[in-house]
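Welcome, and please open the model in your viewer with the sequence panel beside it. We will go from stop to stop, and at each one you will hear what to select and what is there.

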Amino acid sequence: MSETLANLLQETRQFPPPAELAAAANLTAEAYDEAAADRLAFWERQARRLHWSKEWDQVLDWSNPPFAKWFVGGQLNVAYNCLDRHVEAGYGDRVAIHWEGEPGDTRTITYAELLALTCQAANALTALGVTAGDRVAIYLPMIPEAVVAMLACARIGATHSVVFGGFSTDALTNRIQDANAKLVITADGGYRRGKATALKATVDEAVSRCPSVERVLVVRRTGQEVSWSERDVWWHDTVETASTEHTAEAFDAEHPLYILYTSGTTAKPKGILHTSGGYLTQVAFTHHAVFDLKPETDVYWCTADIGWVTGHSYIVYGPLANGATQLMYEGTPDTPHRGRFWELVQKYKVTILYTAPTLIRTMMKWGEDIPKGYDLSSLRLLGSVGEPINPEAWIWYRENIGRGRCPIVDTWWQTETGAIMISPLPGVTATKPGSAMRPLPGVSAEVVDDQANPVPNGGGGFLVLTEPWPSMLRTIWGDDQRFIDTYWSRFDGLYFAGDGAKKDDDGDVWLLGRVDDVMLVSGHNISTTEVESALVSHPSVAEAAVVGATDPTTGQAIVAFTIPRGHVDTSGDAGTALIAELREHVSKTLGPIAKPRQIMLVPELPKTRSGKIMRRLLRDVAENRSLGDVTTLQDSSVMELISAGMRAGKSDED
Ligand code: WT7
């Protein structure tokens, strides 16, 4: 396509940083100038927030692109940086983790305690035969042992591969096999939606197909029955009886820290490899800069699961490297009631909340009366990650959760980038609802056309990263060629992220979703994100998913699946009238070219376990001829198709 993405949505609201926050912010506007003046010197200064056992000889070796080496020759221990050095500096009594289980049980773990637990686990792993360079699969619920297991691996130089606890046998098996993991760390089960779910049984089945696995280490969480073999050992028999003394050994800056699988569009998941020094530098820096973390006073809460990169970078490595106090929650937002998250914010006086647009839109659907019932005055900063956040969801978040006081940082990044790349700085940036704004200091991003030329302000195209960054993926585990083909082949010398984006008239960046999702309507490339945002800007809509369906006249036609807000009447004629109104609303907001051919009102949308809409499935539904032009909630055939597809496609891959 020679033309770039159409730029339809115009958003003019803007919110300057609160004066009080700006006055004490961790970063000022100078950071941009400093980084622009000398990018590598800037990153070198950020690396100095860490403790290095041996200083690097060279900041970046980019002599063999796309294979980068950062802080060449440097040595550090990642777990030492997250734990020991805080305890040695006198912060041993600071709470590292306020943990709350779904049933309401709690644990408070200080830095000194987290260090002792991690040392025990490091000793136990060593006794089980794990040595530096070995791979360890971690398949756990959101319990503190998940953090301890990751840090223990880091401490002894073993490479962890965390597999999301909601994945089933096949996904777990593939990941264990691809990494040749020697040990699996799991639990009997965990709590989800008020029930004890089983994990150990899944591991048993997977491990029977994985000859590389020598031992399985099992945490007792629920107390449910599990079958047992001689390969299995209990966490409480091994880890909790081990010595709390363990001396951390320093590893090379490029020592592999973890593999995390992401599936993207192709079937075989990609094992994204992250290494130590550059990764820890950038997650620590961005957590400090973007969340303006004040470790003495803030209570930080990231609601992601530890099985996703957000949990790796912004529950484990970034916050702990910075000595943060954080909340960790095991369960779902609606158990035992829909106010659970706000009850937790109130109880722990959370000051910084980092969550996903899918959650915000779910809360919109449930209605503002729910958060209204809680004291959210402790909050001072809100973050968003995972998908484009529609302007209306952004405003809803600001008003109903931030109560108009808190800046919102919309953070763009990927499993592959390891850390936040594009985001406002909360004390500097005047934010715009729906825009991730600018690349962070030290990050070089651009929006280009298909010839790799930067698009002018006001234009749309492909988001690329033009310079290497410290937390970049180093390769796809075991497949360098696939690493080159997937990320570095579309544009010579540039990392292509797979996302469409536009620059507004000020040059600020707006993410437009995956380019695979862009619709081609009568010769125009239209972003699904913009049409979704237009729908969500209507007061009756909580959430929308838009797909392009084959159309004999226009090539593709826009089909929208829309979830109404809680109070909206969608029965009979009211539903039909609402659909007509929504089509007009999109046409007025974005122009007639973007008017959906068809709008369906639905109670739910099919999503992956990490909250991304399964558009492939919706496209199938949209292209199903048996559907009429107008379909409402009452037409159960839509939901049947969606749920049938969800069952069939209940793939373990994201
Ligand atoms: C993809 C990466 C980053 C951690 C969680 C997801 C989308 C992510 C944003 C944002 C618009 C976003 C992109 C990206 N995405 N954050 N703030 N605005 N889109 O990690 O599973 O690797 O997904 O998520 O499409 O490429 P991931």
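Start by selecting S313 and G418 in this predicted model. A polar atom of the S313 side chain lies 2.7 Å from the backbone oxygen of G418. Now show everything that S313 touches beyond its neighbours within four places in sequence: you should find Y258, Y279, V283, G318, P319, W413 and G418. Is S313 buried or exposed? Its relative accessibility is 0%, so S313 counts as buried.

**Stop two: the helix around S313**

Widen the selection to residues 309-321, which make up helix α12, the home of S313. How many residues of α12 are buried? The count is 13 of 13, so mostly covered is a fair description of this helix, given that buried means under 20% relative accessible area. After α12, click on G323, where phi is positive, near 70 degrees.

**Stop three: an open sheet**

Next, colour the strands β12, β11, β8, β6, β7, β14, β15 and β23 in that order. Together these 8 strands form an open sheet, and their pairing is mixed. Which strands stand at the edges? They are β12 (232-234) and β23 (475-476); each has a single partner strand, so one side of each is left without a neighbour in the sheet.

Inside this sheet, pick out β6 (residues 135-139) and β8 (residues 183-187). These two strands run parallel, paired over 4 bridges. To see one of the bridges, select V136 together with L183, its partner in β8.

While you have a sheet on screen, look at how side chains point: in a regular strand they alternate between the two faces of the sheet.

**Stop four: β22, β24 and β25**

Move on to strand β24, residues 495-503. Here 9 of the 9 residues are buried, so the strand is largely enclosed by the rest of the structure. Add strand β22 (residues 460-465), which runs antiparallel to β24 and is joined to it by 5 bridges. One pair to display is L465 with Y495, its bridge partner in β24.

Then add β25, which pairs with β24 in the antiparallel sense over 4 bridges. Select K503 and V509 to see a bridge between residues of this pair, with V509 on the β25 side. Between the strands of the β24 and β25 hairpin are 5 residues, and G507 takes a positive phi near 85 degrees.

**Stop five: L511**

Stay in strand β25 and select L511. This leucine has a relative accessible area of 11%, so it is buried. What does L511 touch, not counting residues up to four places away in sequence? Its contacts are P388, W412, A436, L463, D499, G500, A501 and T529. Try a distance label between the C-alpha atoms of L511 and L463: they are 8.3 Å apart, although 48 residues separate the two along the chain.

**Last stop: the cavities**

Rolling a probe the size of a water molecule over the atoms shows where empty space is left. Across the whole structure, a search finds 5 cavities of 30 Å³ or more. The largest has a volume of about 80 Å³. To find it, select L9, G434, W510, L511 and T529, which lie nearest its centre among the 13 lining residues. The elements giving two or more residues to this lining are β25 (509-514) and α18 (528-536). By class, the lining has 7 nonpolar, 4 polar and 2 charged residues.

Terms used: Residues are numbered from 1 along each chain as its sequence is written. Side-chain values use heavy atoms; hydrogens and water are left out. Buried means under 20% relative accessible area, exposed over 50%, partly exposed in between (1.4 Å probe, protein chains only). A polar contact is a pair of N or O atoms within 3.5 Å; within protein, one must be able to donate a hydrogen and the other to accept it, and residues adjacent in sequence count only if both atoms are side-chain atoms. Contact means heavy atoms within 4.5 Å. On a 1 Å grid over the protein atoms alone, a cavity is a set of points where a 1.4 Å probe fits but cannot get out, and a pocket is an open set with protein on both sides within 12 Å along at least five of seven lines; lining residues have an atom within 4 Å of a point. Grid points are joined across faces, edges and corners, and a volume is the space filled by probe spheres set on the points. Ala, Val, Leu, Ile, Met, Phe, Trp, Tyr, Cys and Pro count as nonpolar, Asp, Glu, Lys and Arg as charged, and the others, Gly among them, as polar. Two strands pair if DSSP finds at least two bridges between them.
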